[in-house]
Amino acid sequence: MSDSDGGCCRCCFSFIFTLGLTALFMWLSLRTSNPKCSIENFYLPLDTTLKNPNDSTLNLTLKLENTNKDKGIKYDAVKVTVSDSQNRNHLVANVSVPEFYQGHKKKAKKNGTGTANLTVALQVASNKGMRVFWVDLSTSVKFKIMFWYTKRHKIRVGANVTVNATGVKVDRKGIKLKSMAPRMGSFCVVMGSLLNFLVFSLLNF
């Protein structure tokens with residue numbers, strides 16, 4: 001093999017290596033993480049003998065955390081649905097939090113209220129005074145990368161919330177809301193980057 005052929009191979013290898021590093025850098029720069037969501041406070045007036053017996057207001061506090069180091073998050077209205085079970089057979093209450101923007105590495109607590117169907121709530125099976133409700137959170141978010149926003153990404157997470165006889169959340173710590181669907185976004189981005197890398201490599205080999 002001549003020196004010119006060896007030089008050509010070295011140039012091709014250098015080009016492919018540089019292209020790979022560029023693709024990796026772009027993936028790391030554009031990769032986003034969904035916000036962490038949790039229920040910090042939850043109160044459902046199940047004991048009608050306390051305070052106002054006609055009060056049917058559900059109160060809750062959401063905690064939303066943006067773990068991205070350099071990307072802000074713009075939330076659409078955050079909708080919370082409380083049901084009698086994970087199957088969502090009967091609705092207990094709806095709560096809505098207005099849209100807002102959250103900076104990178106920021107945490108936010110949002111209070112919300114809604115009118116509860118206490119008839120349905122009291123029909124949930126009680127175990128030693130404890131009742132379990134299913135809480136769903138759904139919203140759409142756009143990630144701010146430098147001066148532009150990504151397309152909207154839908155988020156839907158949920159968890160069981162256990163309350164005592166008076167309707168107060170039993171767990172003192174926040175209850176993390178988890179996604180029921182497998183995460184495919186990062187995988188698709190990785191595969192797309194690798195595919196582009198291979199195509200460019202073959203075209204320039």
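Visitor: By this rule for aromatic rings, to what number of pairs does the count come?

Guide: In this predicted model, the count comes to one aromatic pair.

Visitor: Why is the pair of Tyr-75 and Phe-100 called stacked?

Guide: The ring centres of Tyr-75 and Phe-100 are 4.4 Å apart and the planes meet at 15°. Rings pair if their centres lie within 6.5 Å, and planes under 30 degrees apart count as stacked. The values for Tyr-75 and Phe-100 satisfy both conditions, so the pair is stacked.

Visitor: What parts does this pair tie together?

Guide: Tyr-75 belongs to strand S3 (residues 71–75) and Phe-100 to strand S6, so the pair links parts that are 25 residues apart in sequence. Both Tyr-75 and Phe-100 are buried.

Visitor: In what order do the four strands of the open sheet stand?

Guide: The order is S7-S2-S1-S11, with antiparallel pairing.

Visitor: What makes S7 and S11 the edges?

Guide: Strand S7 (107–115) and strand S11 (175–176) each have a single partner strand, so one side of each has no neighbour in the sheet.

Visitor: How do you know that S1 and S2 are paired?

Guide: Pairing requires at least two bridges between two strands. Strand S1 (residues 36–43) and strand S2 (residues 57–65) are joined by seven bridges in the antiparallel sense, so the requirement is met. As one example, Asn-41 has Thr-61 in S2 as its bridge partner.

Visitor: Which residues does Lys-176 of strand S11 touch?

Guide: Residues up to four places away in sequence aside, Lys-176 touches Cys-37, Ser-38 and Ala-159. Lys-176 and Ser-38 are 138 residues apart in sequence, yet their C-alpha atoms are 4.2 Å apart in space.

Visitor: Why is His-104 called partly exposed?

Guide: Its relative accessible area is 42%. Buried means under 20% and exposed means over 50%; the value for His-104 falls in between, so His-104 is partly exposed. This residue is found in the loop between strand S6 (100–102) and S7.

Visitor: With which residues is His-104 in contact?

Guide: Leaving aside neighbours within four places in sequence, the contacts of His-104 are Asn-66, Asn-68, Lys-69, Asp-70, Lys-71 and Gly-72. For His-104 and Lys-69, a separation of 35 residues in sequence goes with 5.6 Å in space, C-alpha to C-alpha.

Visitor: Which residues make the nonpolar surface patch?

Guide: Met-146, Phe-147 and Trp-148 make this patch of about 450 Å². Trp-148 is found in strand S9 (residues 148–149). Membership needs over 30% relative accessible area, and Trp-148, at 42%, counts as partly exposed.

Conventions
Residues numbered from 1 in each chain as written. Predicted model: local features only at pLDDT ≥ 70, side-chain atom pairs only at ≥ 80, totals over all residues. Heavy atoms only, no water. Helix = DSSP H or I, 4+ residues; strand = E, 2+ residues; numbered from the N terminus. Patch = residues over 30% accessible without salt bridge, like charges linked within 9 Å, V, L, I, M, F, W, Y side chains within 5 Å. Areas by Shrake-Rupley, 256 points an atom, 1.4 Å probe, with all protein chains shown as cover. Salt bridge = Lys/Arg side-chain N within 4 Å of Asp/Glu carboxyl O. Buried < 20%, exposed > 50% of the residue type's maximum accessible area, 1.4 Å probe, protein only. Contact = heavy atoms within 4.5 Å. Phe/Tyr/Trp six-rings, centres within 6.5 Å; stacked < 30°, edge-to-face > 60°.
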